[in-house]
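Notebook open, model on screen. Today I wanted to look up how the sheet is put together and what packs on it.

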Amino acid sequence: MTASGNKNSNRTGSRPRTQSKSRKRRKRKSAVVLNSNYILAGGAVLLLIFLIILGVKGCGVSHKTPEGVVEALIKAGVEGKEKDMKKCYDTEKKVSKELQAEIDATMKYYKAHNVSKVKISDCEVLTRNKKYTYVYIRYNLVLENEQEYPCIATYMVKEKDNKYYVFAPSEITEEMSQAAADEYAKFMTTDTYKDYTVAYDTFIKKNPGYEERIAGKLA
């Protein structure tokens, strides 16, 4: 009886220890699962924040510098983002017929080239005064066949409330237009412009009749 009682007491006494160990194991497993879930949730949040930051940086229009707003205008035109183009001109709701025609013609021009993307080579200020900043931009339109069509353009930019916007065609006076023509004549003597003409001539030689085909699409 005594021995039997001892055995029974041993068995009875051993059960709580077994259950305790089992509970500890379950707690540890639960803790591991919870920690894993927290890690996964934290990682997902960080990834979401990272994607949001990239999205903010990757879209919209920069008004911080004259060069920034000009680059934004070109990119928006190539991508067919009419709303962003209007932001570059400081207008979204009320758009003059002349400006709307300019925007439509620009997007149609890029579309005629079947552009896949744009590569901006350089964009700098040619001249600056109290009324405007005159900016040039040199860029390549990357076509569907991976060839690059060289482009160069100039824009007049105004400052408003510490932000920069491109002048609409109707805002450019004859005096401003003449000053720009004089400045552009000087620009044509620079290495930047000469490099552009060499690149353009090289492209046309490789693609005879290209300009005529584009003109036909725009007609």
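I count a helix and a strand as in contact when heavy atoms come within 4.5 Å, and I take angles from 0 to 180 degrees between N-to-C directions of axes fitted to C-alpha atoms. Note to self: this is a predicted model.

Helices first. With that contact rule, I find helix α2 (residues 66-78) lying across β1, β2 (133-143), β3 and β4, and it runs at about 155° to β1. I also looked up helix α6 (residues 191-206), which lies across β1, β2 and β3 at about 140° to β3.

Next, the sheet itself. I see 4 strands in an open sheet, ordered β1-β2-β3-β4, with antiparallel pairing. Which strands stand at the edges? They are β1 (115-128) and β4 (163-166); each has a single partner strand, so one side of each is left without a neighbour in the sheet. Neighbouring strands are turned by 35° against each other on average, ignoring direction.

Last, I checked the β3/β4 end. Strand β3 (residues 148-160) is joined to β4 by 4 bridges, and the two run antiparallel. I noted one partner pair: Val-157 bridges to Val-166 in β4. The two strands make a hairpin with 2 residues between them. In the turn, I find Asp-161 with a positive phi of about 55°.

Technical notes
Residues numbered from 1 in each chain as written. Predicted model: local features only at pLDDT ≥ 70, side-chain atom pairs only at ≥ 80, totals over all residues. Heavy atoms only, no water. Pairing = 2+ DSSP bridges.
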